[in-house]
2 protein chains.
Amino acid sequence: MFCNGRTALYPINELFLSRQSVYALTGEAISQEQLMTLFEAAHWAPSSYNNQPTRFIYAHCNTPEWQNLFELMVPANQTWAQHAAVLVVTVSKQTMGPKNTPSPTHSFEAGAAWMSLAIQAEIMALVVHGMSGFDYEKARTSLCIPEGFTVQMMCAIGKRATQHAEVKLLERDAKPTSRKSLEEIAAAGKFSFNE
Amino acid sequence: MFCNGRTALYPINELFLSRQSVYALTGEAISQEQLMTLFEAAHWAPSSYNNQPTRFIYAHCNTPEWQNLFELMVPANQTWAQHAAVLVVTVSKQTMGPKNTPSPTHSFEAGAAWMSLAIQAEIMALVVHGMSGFDYEKARTSLCIPEGFTVQMMCAIGKRATQHAEVKLLERDAKPTSRKSLEEIAAAGKFSFNE
C-alpha cells in the first residue's frame, strides 16, 4: 500500500504512514480541550503493574509558560518550533510501587504513552513532532523536575502549514522519511541482524 | 465517553480504551502475514534522526523457536502466555550514526514503536500483552543479543478467549485497569505533581 509518499508491504492502518514529523506549522493555537484529549489518549497506554510512570509538562503558545520551554530547544529546533501551538517535555518516574523499586521499563513505557498521544493527534489532524535537540539539564532545573524522574524528550504540537511557511520547511515536509526493511528489524528465534 | 468498562473525560478514539492487556488467550496461531503487519506498523514510528533503534525477536507457537522464548518468562506469565500465538522480545540499539554516538532516546523510541504495534493489533482484533516478568540476562544469552543492545520487554500476541479459558483469567479480563487522573500526569509550565 502507498500513502503519504511511503510504501508499506503489509496492510496497516493508513495513519501509521500519514503520521509525519512535520516542520512547517501555522502558528495557530489549539484549545486546552484538544491538548487534554491527547494526554487522555496517552495515559491509557499500558505499563508494568499499571505503574503509569509518564508525566507531561506543557506550555501553550501565548502563555507565560511558553518562553521557559521554548528556551530549552537548540536553535535549529527553535527555528521551526516557534510556530507550534504547544511545547511538551515528557518525563518518567524511575521507580514503582510503595517501596520505590527501580523500574526497568519506565523509559519504554513513556515512549508507549507518547506514541498514543501522537496517534490520537494524527486522528485529529494535528502534528506532533518529537525532539531530542534540547538542553536536558536545563529542562530539569527550569521545569523543577525532581530526582527520580528522567527527562525523556520534547515535542512540538501544532497545525500543519501547507503554504505561507518557509520554503525550506515545506520542501522538507514534502519528502517524508522512509524506514529500514522489515528483515532489518524483525527476526525469528534469535538476534540475527547484520549490525 | 465510556468503553470497555473505562471512562474517558475527553473524546479519544475508542481503540485506546478497548485495547487491554488481556490474559485469556485461545491458543490459536496467527499467520506470518498478520505478524509482519504488526511489525510494519511498528517500524513507521518516529525516532531521533530516524535512527530506528528497535528490533523484534519472535517465535510463533508450534515452531522450534517457541520453547527458547517461552522459557524466559516467569512461571506466572507462562501460565497464561502458553496460549499465545506469538512471543516477542523487544530490544533497542543504544547508539546511533556511523560513529555509534550514544542515543539518549532508544528506550523511549522502542516503546513508541511497540505501541504502534499494539494499536495496529487492536485494529486487527488481536491481543498484545506486554511483560517485564522474564529473565533479562537469560534473554541476552539465549537469543544471542549482542552488547550495545538493551533488552526492553517481552510481549505475548494472540487471540482473546471469551470462553473455554481459566475462570480466573476471564474474571481478571472482565475488569480492565483504570488510570490516574489527568491532573496527576499533565501540568502546565513546570513539574507540579504530588509524587
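These are my notebook entries on a sheet, a helix pair, one methionine and a chain interface in a predicted model.

**Entry 1. The sheet.** I looked up the strand order first. Five strands form an open sheet in the order E7(A)-E8(A)-E4(A)-E3(A)-E9(B), and the pairing is mixed. The edges are held by strand E7 (127-131) of chain A and by E9 of chain B; each has a single partner strand, so one side of each is left without a neighbour in the sheet. Ignoring direction, I note an average turn of 25 degrees between neighbouring strands of this sheet.

**Entry 2. Pairings within chain A.** I then went through the pairs one by one. E7(A) and strand E8 (residues 149-158) of chain A run antiparallel and are joined by five bridges. Across from Met131(A) I found Met154(A) in E8(A). E4(A) and E8(A) are likewise antiparallel, with eight bridges between them, and Val91(A) stands opposite Val151(A) in E8(A). Between E3(A) and E4(A) I recorded seven bridges, again antiparallel. There, His60(A) faces Val86(A) in E4(A).

**Entry 3. Strand E4(A).** How many residues of E4(A) are buried? I found eight of the eight to be buried, so E4(A) is largely enclosed by the rest of the structure. I also sorted the residues by direction: Val86(A), Val88(A), Thr90(A) and Ser92(A) point one way from the strand, while Leu87(A), Val89(A), Val91(A) and Lys93(A) point the other way. Lys93(A) is thus listed among the buried residues of E4(A).

**Entry 4. A parallel pair across the chains.** I checked the pairing of strand E9 (residues 186-188) of chain A with E3(B). The two run parallel and are joined by three bridges. Ala188(A) has Tyr58(B) as its bridge partner in E3(B).

**Entry 5. Helix H5(A).** Which strands does H5(A) lie across? I listed strand E3 (54-60), strand E4 (86-93), E7 and E8 of chain A, and H5(A) runs at about 150 degrees to E4(A). I next examined its packing with another helix. Helix H2 (residues 32-42) of chain A and helix H5 (residues 106-123) of chain A have axes 7 Å apart, at an angle of about 135 degrees. That angle makes H2(A) oblique to H5(A). The crossing of H2(A) past H5(A) is right-handed. On the H2(A) side, the contact is made by Thr37(A), Leu38(A), Phe39(A), Ala41(A) and Ala42(A). H5(A) contributes Ala113(A), Trp114(A), Ser116(A), Leu117(A), Gln120(A) and Ala121(A). By class, I recorded eight nonpolar residues, three polar and no charged in this contact.

**Entry 6. Met131(B).** I looked up this residue in strand E7 (residues 127-131) of chain B. Is Met131(B) buried or exposed? It is buried, because 21 other C-beta atoms lie within 10 Å, and the cut-off for a buried residue is 20 or more. Leaving out residues up to four places away in sequence, Met131(B) touches Met73(B), Asn77(B), Met153(B), Met154(B), Cys155(B) and Ala156(B). Met73(B) is 58 residues away from Met131(B) in sequence, yet the C-alpha to C-alpha distance is 8.6 Å.

**Entry 7. The interface.** I closed with the contact between the chains, in which 65 residues of chain B meet 65 residues of chain A. Elements of chain B that each supply at least two residues to its side include helix H2 (32-43), strand E3 (54-60) and strand E9 (186-188). The largest share of that side, 12 residues, comes from H5(B). I recorded its composition as 37 nonpolar, 19 polar and nine charged residues.

Technical notes:
Residues numbered from 1 in each chain as written. Chains lettered and ligands numbered in written order. Predicted model: local features only at pLDDT ≥ 70, side-chain atom pairs only at ≥ 80, totals over all residues. Axes fitted to C-alpha atoms, helices over the stretch in contact; angles between N-to-C directions. Helix = DSSP H or I, 4+ residues; strand = E, 2+ residues; numbered from the N terminus. Parallel < 35°, antiparallel > 145°, perpendicular 65-115°, else oblique. Left-handed = near helix turned anticlockwise from the far one by under 90°. Contact = placed C-beta atoms within 7 Å. Nonpolar A, V, L, I, M, F, W, Y, C, P; charged D, E, K, R; others polar. Buried ≥ 20, exposed ≤ 12 C-beta atoms within 10 Å, placed from the backbone. Pairing = 2+ DSSP bridges.
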